[in-house]
Amino acid sequence: MTDPVPSAHAHAPFAPAAARATVTAAALAARHDLVVCNECDAVHERITLARGTVARCRRCNALLGRGHVIGTEKLLAFAIASLLLIIIGNSAPIVTLDFQGVVSQATLPQAIEATWNAGQPFVAVLTAATALVFPLVFTILRLYLLGSLVRGIVPRGFVPAMHMLAFVTRWGMAEVFMLGTLVAVVRCASLTSATPGIGLFAYGAVTLLITAITAAGTHNLWKRSSEIGGNA
Amino acid sequence: MSEASSLQTGAQLRLYGCPTCGRVSQLLHPIADSTPLPCPRCATPLHHRRPRSLQRTWAYLIAATILYIPANLLPIMSTSNVFQGETLHTILGGIEELRTGGDWLLALIVFIASIAVPMLKIGALLVLVITAQRRSRWKQVERAQLYRMIDAVGHWSMLDVFVVVLLVGTIRFGPLGGVMPEPGLLAFGAVVVLTMLAAGSFDPRLIWPEEEAPQRHP
């Protein structure tokens with residue numbers, strides 16, 4: 001549904017990578033001409049979508065696919081920018097406070113450490129995972145996958161990497177953290193003079209980039225790997 | 001629905017759409033129900049309906065509902081300084097402080113993220129699991145829409161957790177002022193994670209029960 005499926009794709013020869021085909025796999029024939037809705041099980045014919053258009057399920061209105069506006073090479077550029085900005089966003093202070101000459105500032109890792117030391121390790125780990133580690137892993141995985149695929153190589157561990165990508169996409173919360181920094185700055189400003197730091201702006205940019213990359217979905221990654229590797 | 005007659009399902013045609021990679025697989029010959037069907041492209045288990053989806057959703061949902069009480073009653077953070085001593089803040093109290101401080105918009109944002117979204121999520125999931133359990137055909141399109149909505153907004157409730165972590169990290173002036181996280185924050189973070197797990201466990205295809213048991217010989 002998302003992308004045109006070239007006819008050669010359906011007849012791609014089996015590469016050694018796909019040799020793990022078992023009895024059940026042989027009994028599961030690929031139907032590249034169809035789309036099954038993930039949210040209601042309705043079956044649709046696969047169609048080619050023009051740039052910027054979306055396809056929705058006839059029965060439940062779920063999003064079935066998008067005609068992509070952003071190309072793979074551009075997504076790779078977004079991922080590189082996102083990696084640099086995450087590094088900046090985590091090393092630069094998010095907010096600087098000035099309380100009658102006493103200056104206090106914190107980066108995200110410092111805030112997480114302070115929460116851990118204050119006797120809330122679960123909250124510290126939860127924040128570290130959703131605001132820092134998952135967005136970082138998301139970016140690194142996208143770089144790894146896209147970087148290989150644009151060169152015509154299916155990267156090692158492609159399938160586990162794609163499963164991990166799905167997980168960190170669901171549990172990464174950079175955009176929520178971004179809004180949290182704004183609320184925190186305003187609450188600090190009600191107590192004392194508060195200045196937003198570079199970290200806040202860097203995270204704002206990370207949010208936009210991750211949103212753009214996520215919106216592109218993963219269908220193109222699976223499709224490219226199938227075209228290159230010829231698996232299933 | 002007029003078009004429903006022409007619509008066929010994966011269960012009727014023995015077609016499986018992979019939730020991870022989107023590959024559509026057609027089962028060429030009938031097999032026992034218990035036989036695992038890994039997607040040939042990405043090894044994700046294929047099902048017409050995810051097994052034990054409702055039991056899992058119920059478990060997470062009940063746990064989230066129980067923890068929602070301490071999350072709102074216990075303080076999520078405490079502030080202290082030499083002049084006023086220690087002050088405890090609950091989620092609702094924090095919203096009230098923002099409102100009286102004149103930050104209407106922020107008070108509204110935090111209210112939506114911390115109070116409205118978790119309550120709506122728990123209520124909506126209850127409606128979804130109960131109607132799915134009864135194989136109800138009531139307002140199916142709207143229920144599908146409701147499911148997509150709660151799945152999309154769920155993680156925004158983490159907002160208050162991040163705010164407290166940032167305040168704890170930033171406001172460190174020793175005796176002049178400091179912020180500490182309190183146990184309510186732990187309960188609240190757990191509610192957010194549990195409601196996200198509940199929404200993730202619910203199989204939206206259960207909103208659309210088959211006429212009869214899935215046909216094995218179309």
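Start with helix α3 of chain B in this predicted model: α3(B) gives the largest share of the lining of the second largest cavity, 3 residues. Select residues 91–100 of chain B to bring up α3, then add residues 159–170 of the same chain for α6; these are the elements that give two or more residues to that lining.

**Stop 1: the cavity**

Now colour the whole lining. On chain B, pick I76, M77, T90, I91, G94, I95, V110, D160 and V164, and then add A:R187 from the other chain. What is the character of the residues around this space? They divide into 6 nonpolar, 2 polar and 2 charged. If your viewer can draw cavities, look for a volume of about 50 Å³ here. The structure holds 2 cavities of 30 Å³ or more. As a reminder of how such spaces are found, rolling a probe the size of a water molecule over the atoms shows where empty space is left.

**Stop 2: a residue in helix α2 of chain B**

Stay on chain B and select residues 53–73, which form helix α2; B:A64 sits in this helix. Is B:A64 buried or exposed? B:A64 counts as buried because its relative accessibility is 0%, and the cut-off for buried is under 20%. To see what surrounds B:A64, show B:I122, B:V191, B:L194 and B:T195: B:A64 touches each of these, leaving aside residues up to four places away in sequence. For a distance to try in the viewer, click the C-alpha atoms of B:A64 and B:G123; they are 11 Å apart in space and 59 residues apart along the chain.

**Stop 3: a sheet in chain A**

Move over to chain A. Its secondary structure comes to 9 helices and 8 strands, and 52% of its 232 residues count as buried. Among its contacts between residues at least 6 apart in sequence, 63% join residues at least 24 apart.

Next, display the open sheet of 3 strands, whose order is β7-β6-β8 with antiparallel pairing. Which strands are at the edges? Select residues 102–106 for β7 and 193–196 for β8: each of these edge strands pairs on one side only. Neighbouring strands of the sheet are turned by 20° against each other on average, ignoring direction.

Finish with β6 of chain A, residues 95–99, and follow its antiparallel pairing with β8(A) over 4 bridges. For a last close-up, select A:V95 and its bridge partner in β8(A), A:P196.

Notes
Residues are numbered from 1 along each chain as its sequence is written. Chains are lettered from A and ligands numbered from 1 in the order in which they are written. This is a predicted model: local features need pLDDT of at least 70, side-chain atom pairs count only at pLDDT 80 or more; totals for chains, interfaces and linings use all residues. Side-chain values use heavy atoms; hydrogens and water are left out. On a 1 Å grid over the protein atoms alone, a cavity is a set of points where a 1.4 Å probe fits but cannot get out, and a pocket is an open set with protein on both sides within 12 Å along at least five of seven lines; lining residues have an atom within 4 Å of a point. Grid points are joined across faces, edges and corners, and a volume is the space filled by probe spheres set on the points. Ala, Val, Leu, Ile, Met, Phe, Trp, Tyr, Cys and Pro count as nonpolar, Asp, Glu, Lys and Arg as charged, and the others, Gly among them, as polar. Two strands pair if DSSP finds at least two bridges between them. Axes are lines fitted to C-alpha atoms, for helices over the stretch in contact, and angles run from 0 to 180 degrees between N-to-C directions. Buried means under 20% relative accessible area, exposed over 50%, partly exposed in between (1.4 Å probe, protein chains only). Contact means heavy atoms within 4.5 Å.
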